[in-house]
Amino acid sequence: MDPHRRAAHADHVDGNVLAGALERLFGGEPTGMIAVCGACGTAARIAEAWVEIDDTAAIVRCRSCTKTLATLMFADEPPRLVVSALGELRGS
């Protein structure tokens with residue numbers, strides 16, 4: 001039986017059901033992924049975002065409205081992604 005079909009009929013399943021979809025989402029070139037701003041709706045490649053960066057973090061901002069989409073905390077191990085106004089992230 002297809003695991004996606006089984007999950008659709010179950011009340012609850014654990015996060016392991018997401019493995020394939022997350023691998024497909026994050027498996028390619030990450031800067032080519034499309035970020036949709038939850039504030040203004042602009043959809044653009046991550047490579048086109050404005051980024052403020054220092055030794056500990058990168059703040060990713062929407063180029064259209066300047067809202068913070070997410071903050072990548074890379075001084076921590078493992079790195080963390082804190083999502084703010086990111087409405088959607090999809091593969092290119």
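Colleague: What makes strand β4 and strand β5 partners, and in which sense do they run?

Modeller: Happy to walk through it, with the reminder that this is a predicted model. Two strands count as paired if at least two bridges are found between them. Five bridges join β4 (residues 57-61) to β5 (residues 68-73), so they meet that definition, and the two run antiparallel. Within this pair, I59 stands opposite T71 of β5.

Colleague: Why are β3 and β6 called edge strands of their sheet?

Modeller: The order in that open, four-stranded sheet is β3-β4-β5-β6, paired antiparallel. Both β3 (50-53) and β6 (80-83) have a single partner strand, so one side of each lacks a neighbour in the sheet. From one strand to the next, the twist averages 20°.

Colleague: How do you know that β1 and β2 pair?

Modeller: Same test: at least two bridges are needed. Strand β1 (residues 34-37) shares three bridges with β2 in the antiparallel sense, so the pair qualifies. Here V36 stands opposite A43 in β2. These strands belong to an open sheet ordered β2-β1-β7, with β2 (43-45) and β7 (86-90) at its edges.

Colleague: And what makes A35, C37, A49, V60, C62, L69 and L86 a nonpolar core?

Modeller: The term asks for buried residues of the nonpolar kinds, joined through side-chain atoms within 4.5 Å. These seven residues form the largest such core. One of them, C62, touches C37 and L69, among others, leaving aside residues up to four places away in sequence.

Definitions and conventions: Residues numbered from 1 in each chain as written. Predicted model: local features only at pLDDT ≥ 70, side-chain atom pairs only at ≥ 80, totals over all residues. Heavy atoms only, no water. Axes fitted to C-alpha atoms, helices over the stretch in contact; angles between N-to-C directions. Buried < 20%, exposed > 50% of the residue type's maximum accessible area, 1.4 Å probe, protein only. Contact = heavy atoms within 4.5 Å.
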